[in-house]
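Open the model in your viewer and keep the selection panel at hand. We will go stop by stop.

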Amino acid sequence: MEILLAREMGFCFGVERAISLVYQAREEDPEGEICVLHEIVHNKHVIRELEQKSIRCVEALDEIPSGRMVVSAHGVSPEVVRTARARGLHVLDATCPLVTRIHRIVRQLAEQGKHVILLGDEGHSEVTGIVGQAPDQVLVIHSPDQVDTLPAEWEDVALLSQTTQDRAQFATMVDRLKTRFPQLQVFDTICDATARRQRAIRELARCCQVIFVVGSTSSANANRLCDIARDCGADARLIENADALREEELQGLATVGVSAGASTPEVLISHVVDRLIGFGGVVREIPIQIETSEDEHGTGH
Ligand code: SF4
């Protein structure tokens, strides 16, 4: 069995930055109460390691009695920050700078009186934080089919994306919206780290029967990688860690791939590769392929 590794996978700079900010807070205050509002990043292993340092990730402000509150990499609304400060919490911001940039764009568009359409997963903490920048002016959609349901009176419209959305899907959304709003203002706010991981899994999916995507079920970008691999014709399985691999499930497979979400630590990826090697796999280079114009459309800027 051959094992092919995605050229880009695992921690992105925003995740590394957020995690190191939390550990830095603990160093500065070894005994104090430190809570992260929402999971610092969507990975169970990372959360467990924080718990060992007595740092809890909580889902609501009410669960933070005092001390320091760290805003997760996904960001929150200004209202949440205001409330936390009013309760006397010391707020530390670990929001990824790319998410902060989206917050800024949304507020500017709202001040200009525009309607903002956000391609995103309703209920995801990043999306909730973006909507919270201008709650009356942002509408979340996740499928081009929803374009027909937008309010008839809308004219001045801008489109943005959650950072982890699929670029091909975003391009489809732009095409659909432009038929209805020819003056549509488009902001491609999908982050490059996400786009590179998506491009890498597309490449992998052409060569592998099965791709194991290491990541937690709560990780939007890891789930998206699975969707993209399946769209490209490969079987994709989201696994939390190496324990999920079963030798009998690998019988008869000639080539398997390994990828990982942007919130997956390197150690979990290594364990998965080691276990596959333990089952008789051999790591090989991905065969070089000539890219087509269609590939460029699906993954480029
Ligand atoms: Fe930031 Fe992109 Fe990483 Fe999200 S995936 S934390 S937006 S760099």
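How many bridges join E10 to strand E11 (residues 235-239)? Five, and the two strands run parallel. This is a predicted model, so keep that in mind throughout.

**Stop 1: strand E10**

Select residues 210-214, which make up E10. Five of the five residues are buried, so the rest of the structure largely encloses this strand. Now show side chains. Val210, Phe212 and Val214 point one way, while Ile211 and Val213 point the other way. Buried faces lie on both routes: all of these residues are buried.

Add residues 235-239 for E11. Val210 has Asp235 as its bridge partner there. To see how the chain gets from E10 to E11, select residues 220-231, helix H8. The β-α-β crossover through H8 is right-handed. Further along the pair, Phe212 stands opposite Arg237.

Next, add residues 255-260, strand E12. Five bridges join E12 to E10, again in parallel. Look for Gly257 in E12, opposite Ile211.

**Stop 2: the whole sheet**

Bring in E1 (2-5) and E13 (282-284). Which order do the five strands take? They run E11-E10-E12-E1-E13, in an open sheet with parallel pairing. E11 and E13 stand at the edges with a single partner strand each, so one side of each has no neighbour in the sheet. On average, neighbouring strands are turned by 30° against each other, direction ignored.

Then add helix H7, residues 192-205. H7 packs on the sheet and touches E1, E10 and E12. Its direction makes about 175° with that of E12. Bring H8 back into view: this helix lies across E10, E11 and E12, and runs at about 165° to E11.

**Stop 3: the nonpolar cores**

The largest nonpolar core has 36 residues. Select Ile211, Phe212, Val256, Val258, Val272 and Leu276, which touch the most other members. E1, H7, E10, H8, E11, E12 and helix H9 (266-278) each give two or more residues to this core.

Center on Val272. Beyond its neighbours within four places in sequence, Val272 is in contact with Val214, Ile239, Asn241, Ala242, Leu245 and Val258.

Another core lies apart from the largest one. This second core has 20 residues, including Cys12, Val36, Val41 and Ala94.

**Stop 4: Gln162**

Move to the loop between strand E8 (157-161) and helix H6 (167-180), and select Gln162. Is Gln162 buried or exposed? Its relative accessibility is 0%, so Gln162 counts as buried; the cut-off for buried is under 20%.

Show polar contacts. The side chain of Gln162 reaches that of Gln165 at 3.0 Å. A polar contact of 3.5 Å also joins the side chains of Gln162 and His124. Now expand the selection to contacts more than four places away in sequence. Gln162 touches residues including Leu118, Leu119, Gly120, Asp121, Glu126 and Val127. Thr189, Ile190, Ala220 and Arg224 are also among its contacts.

**Stop 5: strands E2 and E3**

Finish with residues 34-37 (E2) and 55-58 (E3). Four bridges join these parallel strands. Cys35 stands opposite Arg56 in E3. Select residues 44-51 to show helix H2, through which the chain crosses from E2 to E3. This β-α-β crossover is right-handed.

Conventions. Residues numbered from 1 in each chain as written. Predicted model: local features only at pLDDT ≥ 70, side-chain atom pairs only at ≥ 80, totals over all residues. Heavy atoms only, no water. Pairing = 2+ DSSP bridges. Right-handed = clockwise from strand over helix to strand, strands pointing away. Buried < 20%, exposed > 50% of the residue type's maximum accessible area, 1.4 Å probe, protein only. Polar contact = N/O pair within 3.5 Å; in protein donor to acceptor, adjacent residues only side chain to side chain. Contact = heavy atoms within 4.5 Å. Core = buried A, V, L, I, M, F, W, Y, C linked by side-chain atoms within 4.5 Å. Axes fitted to C-alpha atoms, helices over the stretch in contact; angles between N-to-C directions.
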